[in-house]
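Reader: I would like to learn how to read a protein model, feature by feature. Could you begin with the idea of paired strands and then show me the case at hand?

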Amino acid sequence: MRNRKNKSIRNKRIMMGAFLVLALAAASAIALAQEYLPRKWDTRKVHLSFNHYYDWNEVGEALEKLEKAYPKFLTLRSIGTSYQGRELWYMTINNPDTGDEMDKCAMYIDANIHGNEIQGGEVGIYTIWYLMENYPYNDYVRELVDERVFYIFPSVNPDGRDLFIHTGGSSRSGQAPFDDDNDGLYDEDPPEDLDGDKEVGSMFIKVKPGEGGYRMSDKGDRLVRVKKNIEGKPDELGDYKYIGSEGIDNDGDGRYNEDTGGGYDPNRDWGSYWQPSYIQRGAAAYPFYWKEAKLTKDFFYAHPNIAGVQAFHNSGGMILRVPGPQLHGEVPMSDKAVYDEIGQKGEKIIEGYDYFVIWKDLYNVWGGFIDFTYDMLGVFSFSNELWASRADLDGDGEVTLEEEEFFSRYIDMGNTEVAMHEIDHPELGKVIIDRDTTKLSGRIPPSWLLEELCHRNMAFCLLHAYEMPLPVIKDVSAEKINPDLYKIKVTLYNERLMPTLSAAAVQHQVQRPDILSLKGNIEVLAAGQGQGTGLPSGIPRRYLMFFRGRGAGGSDVTLLDQKDPGNIKLFNGIPGRSEAEYQFLVKGKGEVTVELDCVKGGTHTQKIQLN
Ligand SMILES: [Ca+2]
Ligand SMILES: [Ca+2]
Ligand SMILES: [Ca+2]
Ligand SMILES: [Ca+2]
Ligand SMILES: [Zn+2]
């Protein structure tokens, strides 16, 4: 746990002073550029609130409003409908002036696959809004929007989202029928919000002393479990009995709410280390069983330009990476280096969050979404568990019950409390609904802390997007060997952290290699790879000196054994923050076009004259 003590006032003043100087310098730089205006007090074109949770209609309206305000950059589409018929909206952010969508690396952001984990949707809307509103004023934002494409899905489970917001229910699941209790009936006994307070509470009835497992607390404001003695027998006489969650016994079997809408886990449905439900709770009959997962998977196969994935969940304040199952084993060194750098920076960007490995620090997940996107698509993928309690008031890393209560009463004004109350139950008569917290606590922040959560998590996604590959042809040169024979040297460069093919993509053969080709009135006799080229960035370069030497036959290139030396496949892609050198032996004259074609990073050409 990290120290979250405030900086002293004095430090703050010094920082403010420095900020003013910087701001003045930045303002004059922008004025010189004359292309973009300095930022004014309130430049916003679209007024959206980020202290508010959006239901699915409101999500649609917000997205339409944004698209209307920024039609050049934004395109709102749907990949299809959810089980209950809601559109699965996604927003594409692309600047057409800087190239076609498929020619740029794309950052995919989704949220809410678990129906009651909603606030990633607001992060998505905030991200679209922030990038658009700040494009004219902010260099980093402009660079990202110009270089990258974003696909933002505010919810891939809108049925679960609306159930959470509009009914008392709270479900991880989608809402396709599912027989939770294996009696051949589907969703036959869901809970009901009998008192209409948009919460499903816990029901208790009064019984004779000794017949119940609960008693009234000494303060009389809640029910508490009776104490048990050393033999495990009740030490006190309980006179309240737990019946079940709020609702009626719809099917009259004596049990309350035993089979609610859905009941499966949409994040155990993906085709990587998938396991059936007797091993992985919540799995369905086979991978991609549910409609929403199938549609999302098809979207990925239609968009091989996706090079970064963020899937938002809640809660706990975690930046999770693969692998989900321990059996998978650690990821290759170079991929781990990419994950570690982004994850560790993320811990600084998002206050109070920890960078974790799913199986090691949380639990085993079989058939998880980001394992699919990493293993089967080779895409670097994170899953943030949004929202960590802010009630650690003394900053010792622990949140005690007293701190939680203080936070709730004096900071959050008790907005997230439901008092114990009595209702008239149609079947049971007088029923006690125990004191509880509302759905506006625990999983999601109080709304007044939502905007900060949106901003910091967006900032993490933007770092991820920034570090996607950015390959270019850096240099092409030719050396005449004899009147009809040339050596062409091509230097490729990838400025950013991620390679154009992850080690997972290479090892699982799930991504077409990059292709480097020469076109012209020429014959390419041979192609070779320069020494050290293709060295993955995660492997410490200092080790290389121990292995240095001459390639086969005394040359400083390694000849490539491929069908067509004028059209070579770069099986390992271009590593992150590296140059990669290739050489070609060419017979002929005239103009030669060198073309680099990357699945993740687009097509680039450069011309050279042989004469
Ligand atoms: Ca059933
Ligand atoms: Ca069910
Ligand atoms: Ca209720
Ligand atoms: Ca029942
Ligand atoms: Zn989740």
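Author: Two strands pair if DSSP finds at least two bridges between them, and the strands themselves, like the helices, are DSSP runs numbered from the N terminus, with at least two residues (E) for a strand and at least four (H or I) for a helix. In this predicted model, local features need pLDDT of at least 70 and side-chain atom pairs count only at pLDDT 80 or more, whereas totals for chains, interfaces and linings use all residues. Residues are numbered from 1 along each chain as its sequence is written, while chains are lettered from A and ligands numbered from 1 in the order in which they are written. With that in hand, strand 18 and strand 22 are antiparallel partners joined over 10 bridges, and V490 has Y582 in strand 22 as its bridge partner.

Reader: Which strand is joined to strand 18 through a hairpin?

Author: Strand 17 is joined to strand 18 in that way, through 2 residues; strand 17 (residues 471-482) runs antiparallel to strand 18, with 10 bridges, and S477 is matched with K489. Another hairpin is formed by strand 22 and strand 23, with 3 residues between them, and G601 in its turn has a positive phi of about 135°. Strand 22 (residues 578-598) and strand 23 (residues 602-610) are antiparallel over 9 bridges, with E591 opposite Q609.

Reader: Which side chains of strand 18 are buried, and which are not?

Author: A residue is called buried if 20 or more other C-beta atoms lie within 10 Å of its own, exposed if 12 or fewer do, and partly exposed in between, with the C-beta atoms placed from the backbone. Along strand 18 (residues 485-494) the side chains alternate, so that Y486, I488, V490, L492 and N494 point to one face and are buried, while L485, K487, K489, T491 and Y493 point to the other and are not. Over the protein chain, 39% of the 611 residues are buried.

Reader: How should I read an open sheet, and what is the order of its strands here?

Author: One follows the pairing from strand to strand, and here 8 strands form an open sheet of mixed pairing in the order 1-2-4-3-9-12-10-11. Its edge strands, each pairing on one side only, are strand 1 (74-81) and strand 11 (354-357). Within this order, strand 10 (residues 318-321) runs antiparallel to strand 12 with 4 bridges, and M318 stands opposite E385.

Reader: How many residues does helix 11 have, and what covers its buried residues?

Author: The expected span of a helix is 1.5 Å times one less than its number of residues. Helix 11 (residues 450-466) has 17 residues and reaches 24 Å from its first C-alpha to its last, close to the 24 Å expected. Its buried residues include L450, L453, C454 and N457. Two residues are in contact if their C-beta atoms, placed from the backbone, lie within 7 Å, and the cover over the buried residues of helix 11 includes helix 3 (120-134), strand 9 (306-314) and helix 7 (333-349).

Reader: Which residues have the most contacts inside the largest nonpolar core?

Author: A nonpolar core is a set of buried Ala, Val, Leu, Ile, Met, Phe, Trp, Tyr and Cys residues joined through C-beta atoms within 7 Å. The largest one has 95 residues, and those with the most contacts inside it are I93, A106, M107, I128, F150 and I152. Helix 11 supplies the largest share of this core, 8 residues.
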